[in-house]
Amino acid sequence: MLGQGWKSSFHLAPDRPADHPITLRPVNRRMLLQAMAATALLLVSVFGGSALRTSGVPPYTLAQGSSTNRLVVIGTGGLSPSDISEVRTPNLWRLLREGSSAALNVTAVHANTCPVDGWLTLSAGDRAGQPDVGAKTPLCEQIPAVTNGFVTGWSSLATAAANRPYGSKLGTLSQVLASNGQCVTAIGPGAGLGAALPGRGAVPHFRQFDASTLTTNLAACPTSLVDVGAIRDAGGVDTAPIRPTLSHDQQLAVVDRRVGLVVASAPHDADLLVVSLADAGLRPGLRVVLAAGKQFGPGTLYSPSTRQPGLVQLDDITATILTHAGVSPPSEVSGAPLADSPAPNSSNGLAQRRHAQLVDYELSSKWVQPVVYPFFVTWAALMLAGVALLTLLWWRHLGSEAFRESMRRWVGRGLVVFATVPAATFLANIVPWWRYAWPPAMLVAVTTLWAGVLGAIASCGQWRRSPMGPVAAVSAMTFVVLAADVMNGSRLQLASLLGLNPVVGGRYFGLGNVAFALLAAATFLVAIAVSSPLVRLGRPRLAALVVSIIAAVAVVVMAIPIWGSKVGGPPALVPGLAVLVLSILHVRLSWRKVFLIGAGTTLLVVTLALLDWLRPPQSRSHLGRFVQSVIDGGAGDIIKRKLAQNLDTLTHTTVFAYLVPLLIIALAYVLTRPDSRLARPLRPLLERVETLRAGLIGLTVTMTIGLLVNDTGVAIPPVALALVLPLLIAAGISTWELGSIESRATTLAPPGSP
């Protein structure tokens, strides 16, 4: 059993109803109607805004090909969706108009992807790149030459790929095709990297790019890789031998002309893939892939690995090549075969609409990243300034009492508005802010506008009369926005200030760490706000039932593979919510109960993982793929990689990462020692909100487990507290104000009155 002292500190709910007034007013019809109206507004906004960003046409799965299918893969680099136009790149535009297209994530192993990285990733079917030289952004090396049928320096490239956390195996593409009796023609040095075989890096069918022999060379094997050169930024990250001498537009014209030559020389029955598999220089960004031919009519490309129409990743190209050749991609290939969402026809107007969607992906992901840091630094600074000013005014008794009272009210309301900012950052993507003249300013303006709308709802509803009313409103709205977006494909999270960045490519759907932290914090705050008045009324069982229902909804949203698909969600959320439920029911924790909570959580995760694994391989989420890795013996590598990422995040980012464990320890101390001096500011609120302490302890448990079980989980505690702290401070200010009113009422009451 756990120690008696520790148990007593965890026995948080009162044994009987308290004598002072209930902190939340009973729900009335008007309050219910206002809540329903706010929920309807958010749902219409999320689903309607997402619909504007998608075509709504279901994808057609790429049919399994055969060894006689011909495919020509044209590789380039630095080509973005905005580079393609009917005037500047007529050959590329014709492929876009007559075929399918998508924005392409080319993230490999460095901050920016060099041509060598892109071709090696194509070869391995997983992230790979040139050997590290100790720099986060190394200079891009010249593509190794193919000499006497072998790639120069292949062994060092293969060793570097195998020793990285991804454990990529170079030569997977050609080896799988060769084992099925198919050869690969490689034209140009980059293609030589992509088509090399494992071992010594042999390229049996290598040719230099020569327009006069293209027709013959492209007919030699069913699959051909062609390197038409890359577009490189002047003054970028290239080593001296490959620094560009032509302007961007001149390089673009050369690439377009070479693409036209390859298309004209390809066998008439061959399908075509144009892949921009590298960045142009120092700044990473989304690139483009075009597909045309019998299996790729006019439309938009789609990948099960991203679940976002018109957005795919480089690993998918390897899987597509193998599937087109009639070969099932092996487990070493992390991508999925591309599917096609067909358009009605190949008209120029529809092509322009598809092109605009790709440019939207490119521009939104390009402009959001520079805004993130200054936006949230300013956001935090303004909150701290408001709280510090209020503290100074009352501590030093500056100004009149009426002025201080006014400042107290305004700071409290301001904190409520500031707490709506996380939800507002997602709703901001309903408006295409990246299309305006100054995208950063428009993004900030739209986010501010949405924060004002949500803040007004939280501050003006019937619930405003209770200290926990605005807390419940903001938390519920945050929950609704995140849950609705996840159910709708996470469209609003893409390229948002707190969402999923398509350029980084860590996740494209479901809940990332930031969204999980917000959803978890909102779940606890809603549970606290709803359960406290029930406990005060002496209805702990009903309170526990309501919290359990809220918990079940949250777990379903975050854990189901087609929605949240968050592997590390249930292991973190369930134990924390169990602490809250047990406290409400006056059940003391013991080691046996801790074990049962852990076992139940594990059983839930295993069940979800197995159900996901039973789905087709291309439809599996992270859960199902992890089960397959356990079967294949690669689970240990995945776990080691995630642990390494967590450790790297904790030790190689900013100094603030070191403060996260200290923050959790300090919070745990305050909550387990409510009589301490450090907990004094929170004490009045703890006395009025019956389940607040238990809920915050549960949230601390969730943040701690989330930190440990999620890769880059160090972001979870500070993001969760970014929602919790301003709301609790606002509730504390409201409690302070309520206490002042009660004190004055007591002072003015005539002697002998009750």
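**Exercises on a predicted model**

Helix 14 (residues 439–460) comprises 22 residues and spans 31 Å from its first C-alpha to its last, close to the 32 Å expected at 1.5 Å a residue. The model is predicted.

**Exercise 1.** Determine how the expected span of helix 14 is obtained, and state which residues of helix 14 are buried.

*Solution.* Step 1: the expected span of a helix is 1.5 Å times one less than its number of residues. With 22 residues in helix 14, the expected value is 32 Å, and the model reaches 31 Å. Step 2: the buried residues of helix 14 are P439, P440, L443, V446, T447, W450, A451, L454, G455, I457 and A458. Step 3: an α-helix has 3.6 residues a turn, so residues three or four places apart point the same way.

**Exercise 2.** Locate S490 and A495, and classify each as buried or exposed.

*Solution.* Step 1: S490 lies in the loop between helix 15 (469–487) and helix 16 (513–536). A495 is likewise found in the loop between helix 15 and helix 16. Step 2: the cut-off for buried is under 20% relative accessible area. S490 is therefore buried, because its relative accessibility is 0%. A495 is also buried, because its relative accessible area is 1%. Step 3: for the backbone, S490 has a positive phi of about 60 degrees although it is not a glycine; A495, also not a glycine, has a positive phi of about 55 degrees.

**Exercise 3.** State what fraction of the protein chain is buried and what share of its contacts is long in sequence separation.

*Solution.* Step 1: of 754 residues, 53% count as buried. Step 2: among contacts with a separation of 6 or more, 75% join residues 24 or more positions apart.

How values were computed: Residues numbered from 1 in each chain as written. Predicted model: local features only at pLDDT ≥ 70, side-chain atom pairs only at ≥ 80, totals over all residues. Heavy atoms only, no water. Helix = DSSP H or I, 4+ residues; strand = E, 2+ residues; numbered from the N terminus. Buried < 20%, exposed > 50% of the residue type's maximum accessible area, 1.4 Å probe, protein only. Contact = heavy atoms within 4.5 Å.
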